[in-house]
Amino acid sequence: MAKSIKSQSVLLLNGPNLNLLGTREPHLYGRDTLPQIERRLAARAKAAGVKLECLQTNHEGVAVDRVQQAKRERIGFIILNPAAFTYSSIALRDALTAVQIPFLEVHLSNIHAREPWRAHSHFTAVAVGSILGLGSSGYDLALEYAIGRLKGSGRA
Ligand code: DQA
């Protein structure tokens with residue numbers, strides 16, 4: 001059966017303070033701004049025939065609501081940088097396991113090479129996988145994986 005249009009959609013969800021990318025501690029997070037990253041990924045997704053939805057929020061409930069909405073919209077894959085929610089948000093983790101939408105966890109920095117308390121993520125155990133420490137190219141790699149998976153290339 002043909003996949004629905006929405007199941008060919010990817011949600012890029014970014015957590016708190018990632019709206020400050022570009023100026024926020026560039027030695028850790030690089031110089032690309034979030035609008036630049038979102039535009040780049042949207043262009044790649046479009047070329048691959050996949051729709052990209054983007055949300056950055058500083059509010060936990062907004063992120064939970066967006067994940068629940070993604071289920072109703074039949075979004076097929078989520079790319080998530082939970083940022084500081086990584087360490088605190090059982091609610092967002094529960095939303096992801098509730099909707100059963102596969103997701104990749106992305107962090108620009110290598111959270112294992114920083115303060116010890118950054119190393120434990122609530123999301124890693126329920127994610128398809130994690131991409132850490134590759135700067136903003138981690139998002140591009142996550143999108144390539146999502147495209148391969150949605151298009152059923154067999155490699156994802
Ligand atoms: C981050 C790493 C987190 O530890 C931090 O709280 C962030 C950004 C990253 O992308 O490297 O906000 O998720």
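The expected span of a helix is 1.5 Å times one less than its number of residues. Helix 2, with its 14 residues, reaches 20 Å from first C-alpha to last, close to the 20 Å expected at 1.5 Å a residue. Keep in mind that this is a predicted model. Below is a quick tour of three helices, how they pack, and a few loop residues worth a look.

**Helix 2 (residues 34-47)**

- Start with the inside: L34, I37, L41 and A45 are the buried residues of helix 2.
- Those buried residues cover an arc of only 65 degrees around the axis, which puts them on the same side of helix 2.
- The general idea is that an α-helix has 3.6 residues a turn, so residues three or four places apart point the same way.
- Flip to the other side of helix 2 and you'll find R39, K46 and A47, which are exposed.
- As for what sits over the buried residues of helix 2, the cover includes strand 1, strand 2 and helix 5.
- Just past the end of helix 2 comes G49, with a positive phi of about 80 degrees.

**Helix 2 meets helix 5**

- The axes of helix 2 and helix 5 (residues 137-150) come within 10 Å and cross at roughly 25 degrees.
- Angles under 35 degrees count as roughly parallel, so helix 2 is roughly parallel to helix 5.
- The way helix 2 passes helix 5 is a right-handed crossing.
- On the helix 2 side, the contact is made by I37, R40, L41, R44 and A45.
- Helix 5 brings S137, Y139, D140, L143, E144 and I147 to that contact.
- I37, L41 and A45 turn up twice here: they are among the buried residues of helix 2, and they also take part in the contact with helix 5.

**Helix 3 (residues 60-72)**

- Helix 3 has 13 residues and spans 19 Å between its first and last C-alpha, close to the 18 Å expected at 1.5 Å a residue.
- Which residues of helix 3 are buried? They are A63, V64, R66, V67 and A70.
- These buried residues cover an arc of only 160 degrees around the axis, which puts them on the same side of helix 3.
- Their packing partners are strand 1 (9-14), strand 2 (51-56) and helix 4 (90-99).
- Right after helix 3, R74 takes a positive phi of about 55 degrees.

**Helix 3 meets helix 4**

- Helix 3 and helix 4 pack at an angle of about 0 degrees, and their axes are 9 Å apart.
- The two helices are therefore roughly parallel to each other.
- From helix 3, the contact uses E60, A63, V64, V67, Q68 and K71.
- From helix 4, the contact uses A91, L92, A95, L96 and V99.

**Helix 4 (residues 90-99)**

- L92, A95, L96 and V99 are buried in helix 4.
- Looking down the axis of helix 4, you'd see these buried residues fall within an arc of 95 degrees, so they line one face of the helix.
- The cover over them includes helix 3, strand 3 and strand 4 (103-107).
- Q100, just after helix 4, has a positive phi of about 60 degrees.

**The loop between strand 3 and helix 4**

- P82 lies in the loop between strand 3 (77-81) and helix 4.
- Is P82 buried or exposed? Its relative accessible area is 0%, so P82 is buried.
- Leaving aside residues up to four places away in sequence, P82 touches G15, P16, E105, V106, H107 and F123.
- P82 and R93 are 11 residues apart in sequence, and their C-alpha atoms are 9.6 Å apart in space.
- A83 is in the loop between strand 3 and helix 4 too, and it is buried, with a relative accessible area of 12%.
- A83 also has a positive phi of about 50 degrees although it is not a glycine.

**The loop between strand 1 and helix 1**

- E25 lies in the loop between strand 1 and helix 1 (26-29).
- Phi of E25 is near 30 degrees, a positive value in a residue other than glycine.
- With 38% relative accessibility, E25 counts as partly exposed.

Methods: Residues numbered from 1 in each chain as written. Predicted model: local features only at pLDDT ≥ 70, side-chain atom pairs only at ≥ 80, totals over all residues. Heavy atoms only, no water. Helix = DSSP H or I, 4+ residues; strand = E, 2+ residues; numbered from the N terminus. Buried < 20%, exposed > 50% of the residue type's maximum accessible area, 1.4 Å probe, protein only. Arc of directions from axis to C-beta. Contact = heavy atoms within 4.5 Å. Axes fitted to C-alpha atoms, helices over the stretch in contact; angles between N-to-C directions. Parallel < 35°, antiparallel > 145°, perpendicular 65-115°, else oblique. Left-handed = near helix turned anticlockwise from the far one by under 90°.
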